[in-house]
Amino acid sequence: MYKHILLPTDGSDLSKAAVKHGIELAKTIGARVTALVVSTPLNSLVVDPSVVSTALDQYKALVASQTAKYLDNIKNSAVEAGVECSALCIEHDKPYEAIVDTAKKQGCDLVVMASHGLRGVSAILGSETLKVLTHTSVPILVYR
């Protein structure tokens, strides 16, 4: 059975429910989990480079604060369930690529993620979950 489960989250309610399900699954089968938050670089979100230089510090502080909150909640839930948990934050302009790469590099044998976690422009292009499904050979459990 699965030994190492990747739990990517964007902090949405559905994503939180998927993480909870992933931790419960890990507890049941004796697996460990890795929580993952992928933050989008500010320069991927804006067109005018001068805006980047003036807002970068504020953006990084906000992302660090939110990321720490998401990951701390997951780590606390895992500890309460008796599940070994590590946590990662990766900055990448394509979250699905970061998820696929992390699953491979960390040796995860299952990814548990929400059925949809749309972000900004990505909402127009399709969900990150769909992109992960089509770009990885690691099994994916999609939580609806």
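The protein exposes about 8,000 Å², and carbon and sulfur atoms supply 54% of that area. Keep in mind that this is a predicted model. On the inside of the ledger, buried residues make up 42% of the 144 residues in the protein.

Now for the layout. The secondary structure comes to five helices and five strands, and reading along the sequence gives the pattern β-α-β-α-β-α-β-α-α-β. As for how the chain folds back on itself, take the contacts with a separation of 6 or more: 74% of them are between residues 24 or more positions apart.

Let's go into the interior. The largest nonpolar core has 17 residues, and the ones with the most contacts inside it are Ile5, Leu7, Ile23, Ala26, Val33 and Val83. S1, H1, S2, helix H2 (49–81) and S4 are the elements that give two or more residues to this core. Of these, H2 gives the most, with five residues. Apart from this core lies another, of 14 residues, with Leu6, Ala98, Val132 and Val138 among them.

Ile23 is a handy place to stop and look around. You'll find Ile23 in helix H1 (residues 13–29). Is Ile23 buried or exposed? With a relative accessible area of 4%, Ile23 falls under the 20% cut-off, so Ile23 counts as buried. Leaving aside neighbours within four places in sequence, Ile23 is in contact with Leu7, Ile74, Ser77, Ala78, Ala81 and Val83. Two of those partners, Leu7 and Val83, are also on the list of residues with the most contacts inside the largest core. Try measuring from Ile23 to Leu6 too: the two are 17 residues apart in sequence, and their C-alpha atoms are 9.9 Å apart in space. Leu6 itself is one of the residues of the other core.

Ala26 is another of the well-connected residues in the 17-residue core. Not counting residues up to four places away in sequence, Ala26 touches Ile5, Ala31, Val33 and Val83. Val83 therefore turns up in the contacts of Ile23 as well as in those of Ala26.

Next, helix H3 (residues 95–105). Its buried residues are Pro95, Tyr96, Ala98, Ile99, Val100, Thr102 and Ala103. What covers them? Among the elements doing so are strand S1 (4–9), strand S2 (32–39), strand S3 (85–91), strand S4 (110–114) and H5. Ala98 is also one of the residues of the 14-residue core. After H3 comes Gly107, whose phi is positive, near 70 degrees.

H5 (residues 128–135) has its own buried set: Glu128, Thr129, Lys131 and Val132. Seen down the axis of H5, these fall within an arc of 160 degrees, so they line one face of the helix. Val132 is also among the residues of the 14-residue core. H5 has something to show at the surface as well. Leu133 has its place in helix H5 and is partly exposed, with a relative accessible area of 40%. Together with Leu130 and Val142, Leu133 makes a nonpolar surface patch of about 240 Å².

That leaves the charged pairs. Side chains of opposite charge can pair when their charged atoms come close. A search of the whole structure finds three salt bridges. One of them sits in H5, where the side chains of Lys131 and Glu128 meet at 3.9 Å, N to O. Why are these two about one helical turn apart? Because they are three residues apart in helix H5. Both Lys131 and Glu128 are buried.

Helix H2 holds another pair. Lys75 forms a salt bridge with Asp72, and their closest N and O atoms are 3.7 Å apart. Both residues lie in H2, three residues apart, about one turn of the helix. Lys75 is partly exposed, with a relative accessible area of 33%, and Asp72 is partly exposed too, at 38%.

Finally, the side chains of Lys94 and Glu97 meet in a salt bridge at 3.9 Å, N to O. Lys94 counts as partly exposed at 38% relative accessibility, and Glu97 counts as partly exposed at 26%.

How values were computed:
Residues are numbered from 1 along each chain as its sequence is written. This is a predicted model: local features need pLDDT of at least 70, side-chain atom pairs count only at pLDDT 80 or more; totals for chains, interfaces and linings use all residues. Side-chain values use heavy atoms; hydrogens and water are left out. Buried means under 20% relative accessible area, exposed over 50%, partly exposed in between (1.4 Å probe, protein chains only). Helices (H or I, at least four residues) and strands (E, at least two) are DSSP runs, numbered from the N terminus. The arc is that of the directions from the helix axis to the C-beta atoms. Contact means heavy atoms within 4.5 Å. Patches are made of residues with over 30% relative accessible area and no salt bridge: like charges are joined within 9 Å, nonpolar side chains (Val, Leu, Ile, Met, Phe, Trp, Tyr) within 5 Å. Accessible areas come from the Shrake-Rupley method with a 1.4 Å probe; for residues, only the protein chains shown count as cover. A salt bridge is a side-chain nitrogen of Lys or Arg within 4 Å of a carboxyl oxygen of Asp or Glu. A nonpolar core is a set of buried Ala, Val, Leu, Ile, Met, Phe, Trp, Tyr and Cys residues joined through side-chain atoms within 4.5 Å.
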